[in-house]
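Got your viewer open? Let's take a short walk, one selection at a time.

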Amino acid sequence: TYIGLATFAYALVRQQIAFALVIATLPISIAAIGYGFIHPRFIYLLYATYAFFFTTISRYIHINQLSAGLEAILAYGIIAVIILSYYKKGSIVWSNAINVLTLSYIPWMLFSLFQLSNPGTNSDGVFTGIRIWIFRTFFLYLFLTLLSNTSKTLRIGINLIAIFTLLAFIKLLWQKYVGFDSAELYWLFVEGGARTHVIGSGIRYFSYFTDAANFGGFMATAGLVFGIIGFHESRNIYKISYLCIAVAAFIGMFISGTRGALVVPMVGLILYCLLCKNFRILVITALTGIFIFAFFSFTTIGNSNEYIRRARTAFHSSDDASMNVRLRNREEIAQFMAHHPLGAGIKSSIPKLWANSDGTYTLGTLPPDSFFVNIWIQTGAGGLILYLFICAIIILEGSRIVLFKIKNKQLRHTMAAFTCGVFGIWVSGYTGNNPDLPPTDFIIPAMMAFVMNGATIDRELEQNKLLTSKTNNA
């Protein structure tokens, strides 16, 4: 204690404020680390919080590679799970980690290992492939599926995402009505973010996310998920809260100016029609989807509003200059890929000479413009087909669990919402990079981990129901 106080005083005298704060918070940090070994779900919350905000933190403190903190927290979580399992038998059900989400990723790990031999994969690509494509993602899947197996964890997870969504909406309102802060202005006008965010049709707001497209895609997912969950929630306080979150999320989606985000609720509602197992809900959902499509495709209502006007262009892609540029770029990408069946290599791009106004040329790269096109560029047609196949298997397994393994009505709709949300995110990967950007890259396995454990949570709810019934009868 005396050594700590002396060190703290020395740091203050030398005006080393950051070091002083580290010393001051060290006892709390040690206690929190110890608590995590006893309760690994605390580490789950820590990882989720860091995944949502580390991009924002890096924007303010200008430190690269903050994502290494994700590996540190994940390693901490895996170690905690192993230790707890050893000292408290039965506390961790390892069989929960054996599911389609984790097993289907093994072929991708092997393919990524093979891609390390691709001549186009440079040292940065080798590091990324081993660090993220192979180890971090797989161990994250294991960690999440081991812990996402109780109704209490499910409720905490839903509420946590609700809080993050509300904070994102509040930050959006601040940017729109108060203005951008100094760090955001630096990103916009020094680092070049203004090229895609301050445009002729208006400002594209990004809240605390990497960019407006990522923000809009996440808010579209949150709107879909909380709309479905809120509609079927039995407790009024939760119902009202979740529906309000859904409305705020959809407002955020429109204000972001991200047209590609509209595909998330559209395709999500289509899948939900197949999973809801209720004719009335199917009809309501189908009519809602038809109304939305007809509103944007066949009317000009609301064109005076810049956000509705911009969103409507997504339904008239032939008149969209941005989409036409993307299609031309993809034609050039296809020409390159015809001679590079294995792709350009992990973390590599397709080179291109760009013409300047003075008749000279500048060596650059073809922009991938979307997640799946990026997978195609890096790994070739084989890698893209494999990745799409894995996504399809996971969605099909999630749908099977929703349809045939879950009896509890409210839980079934919650798991359907998660499955539809992930399906929407992946489909949006054709037009944007959302599936590969934080925090969306965390939301995908977080939601599907609960779905994979849906039958386990369902049995817990059924046992609680029987226990309550016996207690009341007694």
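Is Cys276 buried or exposed? Select it and look: Cys276 is buried, at 1% relative accessibility. Keep in mind on this tour that you are looking at a predicted model.

While you're here, add Cys273 to your selection. Its sulfur is the closest cysteine sulfur to that of Cys276, yet the two sit 6.1 Å apart, too far for a bond. A disulfide needs its two sulfur atoms within 2.5 Å, so this pair doesn't qualify at 6.1 Å. In fact, searching the whole structure turns up 0 disulfides. Another cysteine to click on is Cys391, which is also buried, with a relative accessible area of 7%.

Next stop: aromatic rings. There are 27 aromatic pairs in this model. To try one out, show the side chains of Phe111 and Phe114, whose rings make a tilted pair with centres 6.3 Å apart and planes at 45°. What puts these two on the same stretch of helix? Both belong to helix H6 (residues 105-115), where they are 3 residues apart, or about one helical turn. Now switch on a surface and compare them: Phe111 is buried, at 16% relative accessibility, whereas Phe114 is partly exposed, with a relative accessible area of 43%.

For a group of rings, select Phe52, Phe53, Phe164, Tyr208, Phe209, Phe215 and Phe218 together. These residues make up one aromatic cluster.

Rings can have charged neighbours too. Pick Arg59 and Trp187: the charged end of Arg59 sits over the Trp187 ring, 5.0 Å from its centre. Then hop to Lys176 and Tyr177, where the charged end of Lys176 sits over the ring of Tyr177, at 5.6 Å from the ring's centre.

Last stop: the surface. Which residues form a nonpolar patch there? Select Leu185, Tyr186, Phe189, Val190, Val198 and Ile203, and you have it, with about 520 Å² of accessible area together. Colour helix H9 (residues 182-189) and you'll see where the largest share of the patch comes from: this helix supplies 3 residues. One of the patch residues to zoom in on is Leu185, which is found in helix H9. Leu185 counts as partly exposed, at 37% relative accessibility.

Key. Residues are numbered from 1 along each chain as its sequence is written. This is a predicted model: local features need pLDDT of at least 70, side-chain atom pairs count only at pLDDT 80 or more; totals for chains, interfaces and linings use all residues. Side-chain values use heavy atoms; hydrogens and water are left out. Rings of Phe, Tyr and Trp (its six-membered ring) pair if their centres lie within 6.5 Å; planes under 30 degrees apart count as stacked, over 60 as edge-to-face and the rest as tilted. Helices (H or I, at least four residues) and strands (E, at least two) are DSSP runs, numbered from the N terminus. Buried means under 20% relative accessible area, exposed over 50%, partly exposed in between (1.4 Å probe, protein chains only). A charge sits over a ring if NZ of Lys or CZ of Arg is within 6 Å of the ring centre and within 35 degrees of the ring normal. Patches are made of residues with over 30% relative accessible area and no salt bridge: like charges are joined within 9 Å, nonpolar side chains (Val, Leu, Ile, Met, Phe, Trp, Tyr) within 5 Å. Accessible areas come from the Shrake-Rupley method with a 1.4 Å probe; for residues, only the protein chains shown count as cover. A salt bridge is a side-chain nitrogen of Lys or Arg within 4 Å of a carboxyl oxygen of Asp or Glu.
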